[in-house]
Amino acid sequence: MKIAAAPLGPFETNAYLVVAANGRDCCVVDAPKDAGPLLLAEIKRQGLNLTHLLITHGHWDHMCDGHHFAAAGAKVIAHKDDQQLIENIEAYRSRYQAMLPSLSDDDFCSVKVDRWVGESDVVETCGYKDRKSTRLNSSHLVISYAVFCL
């Protein structure tokens, strides 16, 4: 199991590329601005099979490039409490653009989520089941991957 972090976008939000123990499958945790082109190129360079995108929560800086990963075939998983934010991020465009005028309208694309999870759901990606998570959380997921797989 390999985990690589990439701080991206105007808030340097971490995106994580998690490569399964089999060395072929991978998933991405969070999709900040510019994560799509960067990580998809790396996934292709390494010859990996992208299986999932885990969105830890619905804030724009964690999901704005999610549509790139969905278009590449990743199954998208997110917490159901964030459905409005993730499926309708365009409605929040003006708030973010007021803070960061350099953001364009193209920086706001909702993503279709394949699986909405709740408080006691099991999340399984890259051969790992997260049974403890009550809410998708980037540090919890990444630490759980690292500890479980060592």
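In this predicted model, strands E1 (2-8) and E2 (13-19) run antiparallel and are joined by 7 bridges. One of the pairings can be followed residue by residue: Ala6 has Ala15 in E2 as its bridge partner. The two strands form a hairpin with 4 residues between them. Within this turn, Gly9 has a positive phi of about 80 degrees.

Glu12 also belongs to the loop between E1 and E2, and its backbone deserves a second look. Most residues other than glycine have a negative phi. Glu12, however, has a positive phi of about 50 degrees although it is not a glycine. The residue counts as exposed because its relative accessible area, 59%, is over the 50% cut-off. Along the chain, Glu12 and Lys33 are 21 residues apart, and their C-alpha atoms are separated by 9.0 Å. A positive phi in a residue other than glycine also appears at Asp34, where the value is near 80 degrees. Asp34 sits in the loop between E3 and H1 and, at 41% relative accessibility, is partly exposed.

Strand E2 also carries Tyr16. With a relative accessibility of 13%, Tyr16 falls under the 20% limit and therefore counts as buried. Its side chain makes a polar contact of 3.4 Å with the side chain of Asn14. The C-alpha atom of Tyr16 is separated by 8.2 Å from that of Cys27, a residue 11 positions away along the chain.

Turning to the overall layout, the protein chain contains 6 helices and 8 strands. Read along the sequence, these elements follow the pattern β-β-β-α-β-α-α-β-α-α-β-β-β-α. A parallel pairing is found between E3 and E4, which are joined by 5 bridges; here Asp25 has Asn49 of E4 as its bridge partner. E4 is mostly covered, with 6 of its 7 residues buried. Of the 150 residues of the protein chain, 45% count as buried. The chain exposes about 7500 Å², and carbon and sulfur atoms supply 50% of that area. Among contacts between residues at least 6 apart in sequence, 59% join residues at least 24 apart.

In soluble globular proteins, nonpolar side chains tend to be buried together. In the present model, the largest nonpolar core has 31 residues, and those with the most contacts inside it are Val28, Leu53, Ile55 and Phe69. Several elements each supply at least two residues of this core: E1, E2, strand E3 (25-29), helix H1 (35-46), strand E4 (49-55), H2 and strand E5 (75-79). The surroundings of Phe69 give a useful view of the packing. Leaving out residues up to four places away in sequence, Phe69 touches Val28, Ala31, Ala35, Gly36, Leu39, Leu40, Leu50, Leu53 and Ala74. A second, separate core has 10 residues, among them Tyr16, Val18, Ile77 and Cys126.

The aromatic residues add another layer to the picture, with 3 aromatic pairs in the structure. A pair of aromatic rings is described by the distance of the centres and the angle of the planes. For Trp60 and Tyr96, the ring centres are 5.5 Å apart and the planes meet at 40 degrees, so the pair is tilted. This pair links distant parts of the chain, as Trp60 lies in helix H2 (residues 60-63) and Tyr96 in helix H5 (residues 93-99), 36 residues apart. Both Trp60 and Tyr96 are buried. Ring pairs also bring in Phe108, giving a cluster of Trp60, Tyr96 and Phe108.

Helix H2 holds Asp61 as well. Asp61 has a relative accessible area of 13%, below the 20% limit, and so it is buried. The side chain of Asp61 is joined to that of Thr13 by a polar contact of 2.7 Å. Apart from its neighbours within four places in sequence, Asp61 is in contact with Phe11, Thr13 and Pro32.

Key. Residues numbered from 1 in each chain as written. Predicted model: local features only at pLDDT ≥ 70, side-chain atom pairs only at ≥ 80, totals over all residues. Heavy atoms only, no water. Buried < 20%, exposed > 50% of the residue type's maximum accessible area, 1.4 Å probe, protein only. Phe/Tyr/Trp six-rings, centres within 6.5 Å; stacked < 30°, edge-to-face > 60°. Polar contact = N/O pair within 3.5 Å; in protein donor to acceptor, adjacent residues only side chain to side chain. Contact = heavy atoms within 4.5 Å. Core = buried A, V, L, I, M, F, W, Y, C linked by side-chain atoms within 4.5 Å. Areas by Shrake-Rupley, 256 points an atom, 1.4 Å probe, with all protein chains shown as cover. Pairing = 2+ DSSP bridges.
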